[in-house]
Number of protein chains: 2
Amino acid sequence: MDNRFIKKLQGLAQLTANDKAALLDATSAPRAYAARQDLIREGDEPGPMFVVLEGWVCRYKILPTGTRQILAFLMPGDACDLHIKLLAEMDHSIQAITPSLVATVSRDRMNAMLDGHPNIAKAMYSAQLVDEGILRAWIVSMGRRSSTERVAHLICELYLRARSIGLTGEGHFDLPLSQLVLADALGMTAVHINRVLKELRLSGAMALNRGSVTILDPVKLIHVAGFDENYLHRRLRQAG
Amino acid sequence: MDNRFIKKLQGLAQLTANDKAALLDATSAPRAYAARQDLIREGDEPGPMFVVLEGWVCRYKILPTGTRQILAFLMPGDACDLHIKLLAEMDHSIQAITPSLVATVSRDRMNAMLDGHPNIAKAMYSAQLVDEGILRAWIVSMGRRSSTERVAHLICELYLRARSIGLTGEGHFDLPLSQLVLADALGMTAVHINRVLKELRLSGAMALNRGSVTILDPVKLIHVAGFDENYLHRRLRQAG
DNA sequence: CGTCACTTTGACGCTGGTCAACTTAGGTGG
DNA sequence: CCACCTAAGTTGACCAGCGTCAAAGTGACG
């Protein structure tokens, strides 16, 4: 129904009613987090696996100089850290950006689910591969794209991810990220993000206003971003 | 003995003689690759898992503009793409940097090994988590570190990785990477890499000459890099 | 001994950071 | 319903870090 975790995994593998029931049960008691509240901090001992059901969450790391780098955005349906318990401590923090509902699944329960439900295991391994691909794409962006290209590329990525879980309208979607958050994600300053957004708005490619993105000219935006349309698409074998 | 894959996995989990025999057998027929030869290209259908036994290998991606971004370095003992077969096509290429020996393990064989050898499974999942941590650290570097810091940080990382598989001497190690390759890895130009290396040499922190790095002042280098000494260390629970 | 890839250096300019001020929007309490 | 407060967004002036372009130097290898 509106369990976006199940919805997402269904796109990655065939799930039986039994599989879905197990997933629903495992995520049935989510906890609410306030905006800016940490789920877990760098240095903490890894705990259960997190599954975001509502809201936006990010992984981030603070450098000794006080600057922040956001490493990933987690949207409803995204999970993290399949085998994380193997690590002694977290090398980054995870924080809610908006008020969020997040389920936790203990490692034992997780292992039982992976063992007893091969379809779930397949879907989750696929999801992890996609996440790794996103990490690599971020490196490419940071290393070889201009600031304008980076911003456009991130918007393309987030739009497609939002669309795949049914969170988009016609040519627009909610993006509850401040310009400071975008800057921390893209390795830029909020000031420069602002200038880039103005440029993209004036060029007629896209506009970001009050937490909502309007894609004015998809073709132009994709072109500016140098976005590979198949990036999050063709990458998976046909589910099932 | 000198199978560095086994040596590396031993650092991540207790392996029985039986486990080691299975690993040795699976990697007993490596293939030789010449420098600059691709193991697999972006767009190809994913094949077997690769295990680097000798030489340096990298993941990379070419942008439409022709620029290249290196996404990871693979050293002897490093493997890649545990579940890669779930993807329809590669989103990046993998290439030998130096003449290399690389074993391939078919997916069926891989799955059999993961099922039949829980210690191997544990070690390989740990290795993958460490690799993901390295990806995240690269994002942090690209986003929030200056060029000098980036270079110093990469050298620290590579030194520690080389040391963990016994490839370092006293304060120096072989680094068969041209300045162009370093530039492609760090999102810079070869010209600027050259200037940064000169600066690091003059400051007495480190020197790179003819494929070999000499760490002149470890404390200074770590300080310049803002390197977290525990980055690749404390991160694992005690093996065994 | 010539070729080719790699390294080194200088001059110059653009992208994006810094600093500072002002505007806008949203929330809270009187 | 307004006054106030704060976080977020916007803009301009200035400049530094790093890219670009060009040329010369070095070493490996046939």
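**Figure 1. Long-range contacts and overall build of chain A.** In this predicted model, residues 24 or more positions apart account for 71% of the chain A contacts that have a separation of 6 or more. Chain A carries eight helices and eleven strands. Its radius of gyration is 18 Å, close to the 18 Å from the globule rule for 240 residues, so chain A is as compact as a globular protein of that length. Lay the C-alpha trace along its principal axes and chain A spans about 55 × 40 × 30 Å. Of the 240 residues in chain A, 57% are buried.

**Figure 2. Surface and charges of chain A.** The accessible surface of chain A adds up to about 10200 Å². Carbon and sulfur atoms own 51% of that surface. As for charges, chain A has 28 positive and 25 negative ones, and their mean positions sit 5 Å apart.

**Figure 3. How chains A and B are related.** Two copies of a chain are related by a rotation about an axis plus a shift along it. Here, a turn of 180° with a shift of 0.0 Å along the axis lays chain B on chain A, with an RMSD of 0.0 Å. That is the relation of a two-fold axis. On the contact side, 100% of the interface residues of chain B are interface residues in chain A too, so the copies meet through the same surface.

**Figure 4. Glu132(A), in touch with chain B.** Glu132(A) belongs to helix α4 of chain A. Is Glu132(A) buried or exposed? With a relative accessibility of 9%, Glu132(A) counts as buried, because the cut-off for buried is under 20%. Skipping residues up to four places away in sequence, Glu132(A) touches Gln128(B), Glu132(B) and Leu135(B).

**Figure 5. Helix α6 of chain B and its surroundings.** Helix α6 of chain B covers residues 179–186, and six of its eight residues are buried, so the rest of the structure largely encloses the helix. The buried residues of α6(B) are Val181(B), Leu182(B), Ala183(B), Asp184(B), Ala185(B) and Leu186(B). What do these buried residues of α6(B) pack against? From chain A there is α4 (118–144). From chain B come β5 (68–74), α4 (118–144), α5 (147–164), α7 (190–202) and β10 (206–209). Just past α6(B), Gly187(B) takes a positive phi of about 70°.

**Figure 6. Zooming in on Asp184(B).** Asp184(B) sits in helix α6 of chain B. Its relative accessibility is 10%, so Asp184(B) counts as buried. Which residues does Asp184(B) touch, if those up to four places away in sequence are not counted? Arg144(A) is the partner from chain A, while Arg68(B), Gln69(B) and Ile70(B) are the partners from chain B.

**Figure 7. Two arginines of chain B with positive phi.** Arg36(B) is not a glycine, yet it has a positive phi of about 70°. You'll find Arg36(B) in the loop between β1 (31–33) and β2 (38–40) of chain B. At 70% relative accessibility, Arg36(B) counts as exposed. Then there's Arg210(B), also not a glycine, with a positive phi of about 45°. Arg210(B) lies in the loop between β10 and β11 (212–215) of chain B. Its relative accessibility of 87% puts Arg210(B) in the exposed class.

**Figure 8. Glu42(B) in its loop.** Glu42(B) has its place in the loop between β2 and β3 (49–54) of chain B. At 33% relative accessibility, Glu42(B) counts as partly exposed. Not counting residues up to four places away in sequence, Glu42(B) touches Lys61(B), Ile62(B), Met90(B), Asp91(B), His92(B) and Ser93(B). How far is Glu42(B) from Lys8(B), C-alpha to C-alpha? The two are 34 residues apart along the chain, and their C-alpha atoms are separated by 28 Å.

**Figure 9. Ala205(A), a buried loop residue.** Ala205(A) is in the loop between α7 (190–202) and β10 (206–209) of chain A. With 0% relative accessibility, Ala205(A) counts as buried. Leave aside its neighbours within four places in sequence, and the contacts of Ala205(A) are Leu200(A), Ile215(A), Leu216(A), Asp217(A), Lys220(A) and Leu221(A). Gly47(A), on the other hand, is 158 residues from Ala205(A) in sequence and 42 Å from it in space, C-alpha to C-alpha.

Terms used:
Residues are numbered from 1 along each chain as its sequence is written. Chains are lettered from A and ligands numbered from 1 in the order in which they are written. This is a predicted model: local features need pLDDT of at least 70, side-chain atom pairs count only at pLDDT 80 or more; totals for chains, interfaces and linings use all residues. Side-chain values use heavy atoms; hydrogens and water are left out. Helices (H or I, at least four residues) and strands (E, at least two) are DSSP runs, numbered from the N terminus. The radius of gyration is taken over C-alpha atoms; the globule rule is 2.2 Å times the number of residues to the power 0.38. Buried means under 20% relative accessible area, exposed over 50%, partly exposed in between (1.4 Å probe, protein chains only). Contact means heavy atoms within 4.5 Å. Accessible areas come from the Shrake-Rupley method with a 1.4 Å probe; for residues, only the protein chains shown count as cover. Lys and Arg count as positive and Asp and Glu as negative; His and the chain ends are not counted. The place of a charge is taken as NZ of Lys, CZ of Arg, CG of Asp or CD of Glu. Copies are superposed by least squares on the C-alpha atoms of residues with pLDDT of at least 70 in both.
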